[in-house]
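The following exercises concern the contacts between chains and a few local backbone features. Each task is followed by a worked solution.

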Amino acid sequence: WDESLIFEQSKPGQRGVLPPSVEPEIADAVGDPAAALPDELKRATPPALPELSQLEVLRHYLRLSQENLGVDFNIDIGQGTCTMKYSPKVNDQLVAGHKLAELHPLQDNGTVQGVLEIFSRMEEMLAEISGMDRVSLQPGAGSAAIWTNVAMVRAYHASRGESHRDEIITTVFSHPSNAACAATAGYKVITLYPDADGYPDLDALKAAVGDRTAALLITNPEDTGIFNPRIEEFVAAVHEVGGLAVYDQANANGILGITRAREAGFDLCHFNLHKTFSTPHACGGPAAGACGVTSALEPFLPKPTVEHDGTRYWLDHDRPLSIGKVRPFLGVAANVVRAYAWIMSLGAEGLREVAETAVLNNNYLLAEMLKIDGVSAPYAEGKHRIEQVRYSWQKLHEDTGVHSEDLGLRAADFGVHYWTSHHPHLVAEPATLEPTESYSKADLDEYVAIMRQVAHEAYTEPETVRTAPHRSTIHRTKHDTLEDPGTWAVTWRAYRRKTATE
Amino acid sequence: WDESLIFEQSKPGQRGVLPPSVEPEIADAVGDPAAALPDELKRATPPALPELSQLEVLRHYLRLSQENLGVDFNIDIGQGTCTMKYSPKVNDQLVAGHKLAELHPLQDNGTVQGVLEIFSRMEEMLAEISGMDRVSLQPGAGSAAIWTNVAMVRAYHASRGESHRDEIITTVFSHPSNAACAATAGYKVITLYPDADGYPDLDALKAAVGDRTAALLITNPEDTGIFNPRIEEFVAAVHEVGGLAVYDQANANGILGITRAREAGFDLCHFNLHKTFSTPHACGGPAAGACGVTSALEPFLPKPTVEHDGTRYWLDHDRPLSIGKVRPFLGVAANVVRAYAWIMSLGAEGLREVAETAVLNNNYLLAEMLKIDGVSAPYAEGKHRIEQVRYSWQKLHEDTGVHSEDLGLRAADFGVHYWTSHHPHLVAEPATLEPTESYSKADLDEYVAIMRQVAHEAYTEPETVRTAPHRSTIHRTKHDTLEDPGTWAVTWRAYRRKTATE
Amino acid sequence: MPHPYIPNAEPQVKAEMLAATGATDIEDFYADIPEHLRLRRPLDLPEPLRGEADLVRHVGGLLDRNTSTAEALSFLGAGCYRHYVPAVCDEVNSRSEFLTAYAGEPYEDHGRFQAMWEYQSMMGELLEMDVVNVPTYDGFQAAATALRMAGRITGRGRVVIATPIDPDKLSKIEDYLDGALTIGGELDGDDLAAVFVDYPSYLGVVDRKTAEYVRTAHDLGALAVVACDPVALGVLAPPASFGADIVCGDIQPLGMHPQYGGGHAGFIATRDEERFVMEFPSRLFGIVPTTVEGEYGFGDVAWDRTSLGVREQGREWVGTAAALWGITAGVYLALMGPQGMRELGEGLMSRCAYAMSRIGEIPGVEIVDAALPHIKEFAVRFTGGATVAMVNAALHERGIFGGKDLSADFPELGQSALYCVTEMHTKADIDRLAAELKEIVK
Amino acid sequence: MPHPYIPNAEPQVKAEMLAATGATDIEDFYADIPEHLRLRRPLDLPEPLRGEADLVRHVGGLLDRNTSTAEALSFLGAGCYRHYVPAVCDEVNSRSEFLTAYAGEPYEDHGRFQAMWEYQSMMGELLEMDVVNVPTYDGFQAAATALRMAGRITGRGRVVIATPIDPDKLSKIEDYLDGALTIGGELDGDDLAAVFVDYPSYLGVVDRKTAEYVRTAHDLGALAVVACDPVALGVLAPPASFGADIVCGDIQPLGMHPQYGGGHAGFIATRDEERFVMEFPSRLFGIVPTTVEGEYGFGDVAWDRTSLGVREQGREWVGTAAALWGITAGVYLALMGPQGMRELGEGLMSRCAYAMSRIGEIPGVEIVDAALPHIKEFAVRFTGGATVAMVNAALHERGIFGGKDLSADFPELGQSALYCVTEMHTKADIDRLAAELKEIVK
């Protein structure tokens, strides 16, 4: 398909769905209540929404849906650090029924014991998986969980009269939200760069810590797939100066049941349920985040917390030191249920099998990828990796002028894709692959074969790659208009205005 | 996608879903009950089913799903006589819940009052729409309803000691199942051909009827879209000799609320709920059929019937003259509910709007189609049609050598398609289009534009059309192997055997 | 205001289109319909519920009056079963692409053809037979057609049903064979077209003589038609292995919800011999090469045996039946795989044996044919004076749906009922049934 | 036996792959993890439920312990609403293609970009604003970010909240503004960055002074941040029409089920001015030409304001939030169209007015601000001695979920509760509530 814009399909008078009629008795009794609105608060002209029949709306969106590649369709290992794994359909089915979908978050506790039990059990399971004392499932996603942890760090220091601590340390291969949330909370951000082997630099950390240090925010393994073996020393160095250590467990998939936040001495950590615990990515949310803390930080958790008195579950709003709300109500319940079901279907042994298989897949992929001309895996040469690898097409670029982005777009012509990783591109011409446990050996072999093909084309017919995609819905876009306030167009109304005045 | 065969993706040891475990207490108590099976009734080797992980199975079928064009994706007006209309998603949603899906057909009546009420109300509504006295919803689809009607005809005559009636008359533009069901029931089939104007030939009927006539089975409007204005005389002629008149209402969509079986004097009729009443076609079923009869035929309806005593609904099994069961239990309940919901959302006025709009769409399409070179609408020239039109590409074929089938396949390259109509091809190089009420004017215009383009290509670059499709999953198949017992292969095991010995 | 389902009912569009047709009024299109056949009043139907929420309230409200087997503890079977339906089955068959497709060509609907051919192929492996049809309506139709096929193949006129049969299925077969084949009589004679065997039988028993019936049929020059429950074939030998000629049955257990009897679809399978293949009324999809090397295409095998191809010259008749359930059963078999089918079959037998032993030990209750192997169903006979009607009413009060009453159809069994136990039942469920039964018949 | 979710755990595959990596044992891959950090015991988790049917029984069984608003008659709102969700909304957002896609490029994920851009565009029409973000988590986050945007745009340090606000939303705002902006004080002064208005207010009232607050803000050189309920904008004037600078809110009412609070997503909209656009932390999709004439492509507008582009140099932060709900809200708006939104808004006001009048006439019960316009929520005050806790408990016994208790958070209103009436309520529902309330407070 190359489906046109929905506004272009509009035809006056068409209706997609009709709202329920107001019963005549009500209409008779109340007249026109909108007449009571002051003129300036009353809508004068209906919104210029498109007008389509129901089938037209449906067809439009179903066609658009087919113009996507999700986990269910392709070998989705190219969005490294995103942990694109199989989201079991049974879990979607479990949350689709009215017993969850039509639950109002303010219902009496007595009517929501089932969902509260799931929240509570899920918190306990994540506490065991991380080794932390208490878990909150309120954050809406991973970055919101990072924010929540930063807010707890701030509240913790404030509660101890140490609000002068205004620096947060992170590493460049930790997710950008660590740095950004810290800055948003008012912290000065200190970013550590890796040493020659790709390990975060302990000496740099030691030089950076001090009495202004509020916390270290760090991912491990980092987005390179390299596990920091001196992580305990990092934590100790921060603790020594009175700071807190916060573990970004976005890359936890490869270490489930292998190593935990607790043993490394962390005070706080977070998981992304849509990564490690399989909830669907949904085009970019809804997701769900989980924050784990030691008992020292527990008073600062968002409120309310889910409590269990042995017979029933209830919500504790009376938490004076809490940072308060980080989102409405209790969190993204559907994803909590999905993640709960996923863990329950695997158990301890299964989670470990997840981790081990994900790591095996990653190292297998690494071995196969490195056989392709033009690609390398910078840092820690010859070593194994954990959950993902950040590859570099630097040599291929030097040889052919073709960029990593071009290769990713050309791969789309073969039904797979990859994403060129977070900025800054410390690794030149990057591509981060993370195969997880979900894909079969045949899938990995096919993916490598496509990469080999694309790289081969870069050497033999670079123009084909540089002008890709050729079999996608559309061709290469002219992105510069997006940076110019005179041409960018975030809505149809803006687009019409700007193209009309041209 | 060009998705490979599922057998080719098999890998030993993979599991897609695990059956529930047998509790150890049960296993301990019963040992191995399979051991009690006689050796020759015990399976020796597991079936050679493919072995895949869950994601692999899902991805396979989702990819295959995308290799289809359904109503929800294309302008599906080319399967004329099939009445491809919009199946509202809300109706699918209504039947998906456990309140229908997990209902066992043998439950106590007290636990199924809701579904029985829907069956009963639906029967009443179809009785009103057809004018008949009683309706059965047991048949699984339209052809099964035809069979049911034939079986009732047979039982009716037998009950009157007139089993010597061994001839059934039908027309060539009635659905082939009319002729085939009659033959299956042991009747000699007499097929009437149209007169020069495309109307069924009344003189031919009069010549055919006699004391061996059991019934006339006739569609109206026929698959040409032409309404037989002398239908009442047809019915009368059959009645005169003691035969019954059976109305195939497969093409009822254009005459809802306009004219009925009752007024024309029919004794029996049937509807296809998946055509006229919008239930989805589901790749070819499950569908649902409805048989309507006059009170004289009511005793012969399949059993049980749904009865209502004013306070509760119950099933009447005690019907001595009944033809018995035509399928297990009560019918395709989900489609009965869907069709019920569809009628309820439209009401009398809405049904009439359905009919009138379908007919308007058809005549609009006719007017636009006839502007294309090479196509004609045989019979009743210059007249309007009801629900569909059987077009002929005879002139185009004579001019270019391109067949109607080629045009349909080439159209698939543009995202629509058509089907070349039932045999025999009395209309040469046929294409039957039936736009129904579901498609917008823009849709019809687009469809005509594609036909124009394809016809134009037939005149200017016939090879392109003759070798189509070019943008489909696969290319033109070599169909002759399907007629040869030495090469046809209905299963993978047969295919492997036959290709291995080659 | 046009209804959301009827775009061109919008007055301006309507006028524009009408103009293009040359007509002045919609009535012009109906000119061929004589006035006295016209219905000149509105249909007498309930007021419409045009708002979708209103519609959902009404229809949903009616459905809510039902109590489903997801809410009660049900032991009903007798031809319709509540096996576990993997979520992927529902996911695939609710996809718009499959749900709303129909009779397209093997090109733009390649996926549908492939999915159906793969279903045929997987059923072929389960049955160890080379030819499997695109599903017919249900197992009743499959049995009836299988017998008529046998009649045509042998040119003979009588069939014998060797095992206890569902009276409803018999009713269907009687109607369908009427005039073509007679039913009953001795298991002997050179007029015998087929011996029909249910495997397991309607009463849940795996008849030890099943294979013997097949041999007897062959000795008489007749065909053996075996109807089997496909879900049992992980443990039961496929009928082809002991010589069955035509195998038929219902695939509802393979991934379809009970749906109040709407989840049925029938299969018919034979060896790959022309005399068998040419007697199928159903469509049979076949795999074919295309003009491009290595590509698979699909199409209809021997189209000219079907009524769609040659009207009354075809074998019986074929129309829209139950294709989506075939695709779904394919998904089911692909998910289960060889091991899953075996484990499932063994698990069924274990639960069934457990239920038989627990119920059989209740005073006043007997299991019919307790010593014979059963897969998932068994007949329970009440010997202490309780009627099935009484027992079922008492169970119903306790939230349990008891077995199907057999007393009227099988008077020789006394007060008896057919109970079904599947992998959806836990030990606790079975124990609960046994405890309640014990309480009730006491 | 490999788990269905872990294909390569099959031992033979595992061994083959291991060999290819050059490792001898999985343990080799973990060589970097010091021994004392290794967990050398299995995690202490419940026994797994590997069979899918077992899993469904367990999780479904837990969920079945809930009583949903589909079963009871609920008048709860207060930020989460049970509006009607058209079936097409569910159909689209449950499509695997949307549900399992993520961060692909605008090529192979063109559909996702287009659907999101169309959402932005339709929201733009509803709000009459040119810039709308890819949804943030929820309305709370949207409000908090809108205020911080106002702080950055104006360079000022204080905001005033002019209308009654949800205490939970205030809690979120307080935490999020901490250190950057202070909240409260006079509606005056040149330090004022923004005036924040809820429209309608938390108590359901359309404050007649809404537009006046906007003018006051502008007079003071501050920005007007208006949080509105998008479902009301078929009848309510869009805030932009009376000058609001930043408009925010939650799209949960536009096609999302309540989901125990999991259906939220936040929108932020502004005029198309660079100083506004450059302060969005969210992604903003824009439409762009491609190398082929007439094709539309999509991409990120001004990427280098985001934390994904420039880490801590970006505006706040952005991550995975609630994209699928944005796509769904787009489907909702496309289905409803201009007329649907108008009819819905009017219908809400009618039902609300009816409910207010029926409840207001009960002795011992008062409607707060009964004379002011309300859309779908209103506060009910019990003046006859009954507490909200007592009333809600009594309603609960009668199968009704009463309004949210406001007594603790709004002591000035006495014993009061916030009731919500939507298009899902019939006259009979409202009458039933009124009758029960009358009975209870009697």
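**Exercise 1. Examine the salt bridge between D:Glu97 and C:Arg95, and place it within the interface of chain C and chain D.**

Solution.

Step 1. In this predicted model, the side chains of C:Arg95 and D:Glu97 form a salt bridge, with N and O 2.8 Å apart. Across the interface of chain C and chain D there are two salt bridges by the rule applied.

Step 2. Polar contacts are counted next: 10 residue pairs are in polar contact between chain C and chain D, both residues being at pLDDT 80 or more.

Step 3. The elements of chain C are then assigned. Helix 2 (52-63), helix 3 (87-93) and helix 4 (96-99) each supply at least two residues of the side of chain C that touches chain D. Helix 2 of chain C has the largest share, with four residues. By class, the residues on this side are seven nonpolar, four polar and seven charged.

Step 4. The extent of the interface follows. Contact involves 18 residues of chain C and 18 residues of chain D. About 1200 Å² is buried between the two chains, 41% of it on carbon and sulfur atoms. In chain C, the residues that lose the most area to chain D are C:Glu52, C:Arg57 and C:Tyr84, which together give 38% of what that side buries.

**Exercise 2. Determine how chain C and chain D are related, and whether they meet through the same surface.**

Solution.

Step 1. A turn of 180 degrees, with a shift of 0.0 Å along the axis, lays chain C on chain D with an RMSD of 0.0 Å. The two copies are therefore related as by a two-fold rotation axis.

Step 2. The C-alpha of chain C nearest the axis belongs to C:Arg95, at 4.0 Å from it. C:Arg95 is also the residue that forms a salt bridge with D:Glu97.

Step 3. Of the interface residues of chain C, 100% are also interface residues in chain D, so the copies meet through the same surface.

**Exercise 3. Describe the contact of chain C with chain B in terms of residues, buried area and polar pairs.**

Solution.

Step 1. Chain C contributes 191 residues to this contact and chain B contributes 211 residues. The buried area is about 17900 Å², with 63% from carbon and sulfur atoms. C:Tyr107, C:Tyr260 and C:Arg311 lose the most area to chain B in chain C, together 6% of what that side buries.

Step 2. There are 19 salt bridges between chain C and chain B. One salt bridge between these chains joins the side chains of C:Arg82 and B:Glu102, at 2.7 Å from N to O. Residue pairs in polar contact number 104, with both residues at pLDDT 80 or more.

Step 3. Helix 11 (residues 323-360) of chain C gives the most to the side that touches chain B, with 23 residues. The residues of that side of chain C divide into 97 nonpolar, 47 polar and 47 charged.

**Exercise 4. Locate the residue of positive phi, C:Arg311, and the cis peptide bonds that precede B:Pro304 and D:Pro200.**

Solution.

Step 1. C:Arg311 is not a glycine, yet its phi is positive, at about 50 degrees. C:Arg311 is placed in the loop between helix 10 (307-310) and helix 11 of chain C.

Step 2. B:Lys303 and B:Pro304 are joined by a cis peptide bond with omega of about -5 degrees. B:Pro304 belongs to the loop between strand 7 (289-293) and strand 8 (305-308) of chain B.

Step 3. The bond from D:Tyr199 to D:Pro200 is also cis, with omega near -5 degrees. Here D:Pro200 sits in the loop between strand 5 (192-199) and helix 8 (210-219) of chain D.

**Exercise 5. Which parts of chain A does the salt bridge of A:Asp72 and A:Lys89 tie together?**

Solution.

Step 1. Over all chains the count is 146 salt bridges. In the pair A:Asp72 and A:Lys89, the closest N and O atoms are 2.8 Å apart.

Step 2. A:Asp72 lies in the loop between helix 2 (54-66) and helix 3 (89-96) of chain A, while A:Lys89 lies in helix 3, so the pair ties together parts 17 residues apart in sequence.

**Exercise 6. Summarise the annotated domain of chain C and its secondary structure.**

Solution.

Step 1. According to an unreviewed UniProt entry, the annotation "domain: Glycine cleavage system P-protein N-terminal" covers residues 5-370 of chain C.

Step 2. This span is 37% helix and 13% strand, and its end C-alpha atoms lie 57 Å apart.

How values were computed
Residues numbered from 1 in each chain as written. Chains lettered and ligands numbered in written order. Predicted model: local features only at pLDDT ≥ 70, side-chain atom pairs only at ≥ 80, totals over all residues. Heavy atoms only, no water. UniProt positions renumbered as here; feature names shortened; annotations may be inferred. Least-squares fit on C-alpha atoms with pLDDT ≥ 70 in both. Contact = heavy atoms within 4.5 Å. Buried area = accessible area lost by both parts, 1.4 Å probe. Salt bridge = Lys/Arg side-chain N within 4 Å of Asp/Glu carboxyl O. Polar contact = N/O pair within 3.5 Å; in protein donor to acceptor, adjacent residues only side chain to side chain. Nonpolar A, V, L, I, M, F, W, Y, C, P; charged D, E, K, R; others polar.
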